[in-house]
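Student: Please take a close look at one metal site in this model, and then carry on to the sheet. I would like the geometry and the pairing spelled out, without interpretation beyond the coordinates.

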Amino acid sequence: MTTDPVLTEALDKLAEVAVRVGLNLQEGQDLVLTAPVEALPLVRRITAAAYRAGAGLVTPILSDSGIALARFENANDASFDKAADWLYAGMAEAYKNNAARLAIVGEDPMLLAEQDPEKVARAGKANSIAYKPALEKIANFDINWTIVSYPTAAWAARVFPDLPEAEAVEKLATALFSASRVLNDDPVANWTGHNAALRERTKWLNGQRFDALHFKGPGTDLVVGLAEDHEWHGGASTATNGVTCNPNIPTEEVFTTPHSARVDGVVRSTKPLSHQGSLIDGIEVRFEAGKIVEAKATKGEAVLLKLLDSDEGARRLGEVALVPHSSPISQSGVLFYNTLYDENAACHIALGQCYSKCFLNGGDLSPEEIAARGGNSSMIHVDWMIGSGEMDIDGILQDGTRVPVFRAGEWA
Ligand code: ZN
Ligand code: ZN
């Protein structure tokens with residue numbers, strides 16, 4: 001990746017943070033790891049850190065952008081309705097047996113931008129259906145899991161298109177490592193402090209028990225009803241298997257479950273959404289009784305409309321998240337074309353599947369009980385950014401009282 005000794009050392013620290021903070025991998029626990037081939041330097045470091053932490057077996061599954069493109073450029077039409085369901089079934093089996101899950105991301109965010117959106121959507125849908133048994137175990141937080149990222153050359157070229165490759169990679173690496181809080185002497189201790197600060201926010205929100213949040217900003221006037229018995233989460237949290245982990249490295253958000261039938265008004269995106277290799281920008285949608293009834297985008301509208309038609313739950317919200325405009329990722333001013341980073345730069349909402357952990361006693365609730373409380377169900381979960389320095393948010397209590405939550409993009 002780089003010859004810079006600071007960045008090489010940061011990669012060692014990121015591996016340590018991924019295993020000890022992100023996963024909190026337990027003695028004897030197996031690990032399923034997915035990554036692009038370019039991320040091998042990090043894969044190897046994480047594998048070593050995992051075995052040092054007492055891992056049972058680390059199983060890496062690598063992907064390659066050239067192989068992905070070879071399919072779109074050469075496969076017959078029927079190929080695009082296929083997905084490796086046997087592989088995902090095996091992953092689901094591993095998680096059932098308490099394997100931890102680590103994803104390294106870093107693929108070219110616009111890899112499929114030039115491909116037929118119809119085929120991209122079909123392949124994405126087939127993949128979502130096949131992936132569902134494994135994704136459910138992650139979304140239900142049955143096991144400890146985390147996502148970290150690696151600065152690949154292809155990603156760096158998208159983020160810093162005007163820089164020579166080596167410079168772009170070093171600049172992206174610095175931005176990623178800084179946001180991931182590993183550019184300091186003791187990243188594990190730094191994360192302990194950060195998690196404590198996020199816990200203060202969730203404690204306050206859980207004490208308020210808001211009935212709804214009212215978002216107001218340029219192009220946005222949206223009331224998001226919150227699910228009954230919703231619970232706010234942020235930073236470290238405890239999976240059903242009892243392990244406390246940090247599912248996202250980095251993370252700046254606190255988030256909960258909206259009510260799938262109580263979202264009304266209009267909302268405009270504030271950052272482009274990079275979705276399965278395509279870019280969707282300038283999203284404007286109108287919600288009525290929880291459902292998107294009008295949708296447009298200045299870029300990638302066809303991809304957006306296909307996404308909304310994925311299934312019944314794709315037009316309803318599964319997550320609402322608060323991130324101050326002053327978050328380090330927002331302040332970096334970099335558009336990463338990657339949800340893991342960009343969602344931590346701004347308040348966001350997600351279409352599709354809700355997180356069952358965002359309910360009081362969520363781990364014990366059946367899908368029917370979650371639905372009865374307003375939790376949405378879908379094979380997709382797609383976050384998009386609605387926050388900015390101009391966003392005001394009021395919390396609305398049961399009796400209609402309004403409490404300022406955000407003013408001009410910051411905690412009120
Ligand atoms: Zn989120
Ligand atoms: Zn999300």
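Tutor: Along the chain, the donors of the zinc ion (ligand 2) follow the spacing E-x61-H-x1-D. This is a predicted model. The protein donors are Glu-319 through OE, His-381 through NE2, and Asp-383, which is listed with OD twice. These donors lie 2.0 to 2.6 Å from the zinc ion (ligand 2). The site is irregular, with angles of 54 to 142 degrees among its 4 donor atoms. For four donors, tetrahedral would require all angles to lie between 85 and 135 degrees. Glu-319 coordinates both the zinc ion (ligand 2) and the zinc ion (ligand 1), and the two ions are 3.4 Å apart. As for accessibility, His-381 counts as partly exposed because its relative accessibility is 24%. Asp-383 has a relative accessible area of 9% and is therefore buried.

Now the sheet. It is open, has 8 strands in the order 15-14-11-6-5-19-20-21, and its pairing is antiparallel. Strand 15 (291-296) and strand 21 (410-411) are the edge strands, each pairing on one side only. Helix 8 (residues 187-208) packs on the sheet, where helix 8 touches strand 20 (402-407) and strand 21. The direction of helix 8 makes about 155 degrees with that of strand 20.

Strand 5 can be followed to both of its partners. With strand 19 (residues 392-396), strand 5 (residues 212-217) pairs in the antiparallel sense over 5 bridges. Within that pairing, Ile-393 in strand 19 is the bridge partner of Phe-215. With strand 6, strand 5 pairs over 6 bridges, again in the antiparallel sense. Thr-220 in strand 6 is the bridge partner of Gly-217. Strand 5 and strand 6 form a hairpin with 2 residues between them, and Gly-219 in the turn has a positive phi of about 80 degrees.

Strand 6 (residues 220-226) is mostly covered, with 5 of its 7 residues buried. Strand 6 also pairs with strand 11 (residues 258-268), in the antiparallel sense and over 5 bridges. There, Val-223 stands opposite Asp-264 in strand 11.

Terms used:
Residues numbered from 1 in each chain as written. Chains lettered and ligands numbered in written order. Predicted model: local features only at pLDDT ≥ 70, side-chain atom pairs only at ≥ 80, totals over all residues. Heavy atoms only, no water. Donors = N, O, S within 2.8 Å, 3.2 Å for Na, K, Ca; no water. Tetrahedral: all angles 85-135°; square planar, octahedral: opposite > 155°, others 65-115°. Buried < 20%, exposed > 50% of the residue type's maximum accessible area, 1.4 Å probe, protein only. Pairing = 2+ DSSP bridges. Helix = DSSP H or I, 4+ residues; strand = E, 2+ residues; numbered from the N terminus. Contact = heavy atoms within 4.5 Å. Axes fitted to C-alpha atoms, helices over the stretch in contact; angles between N-to-C directions.
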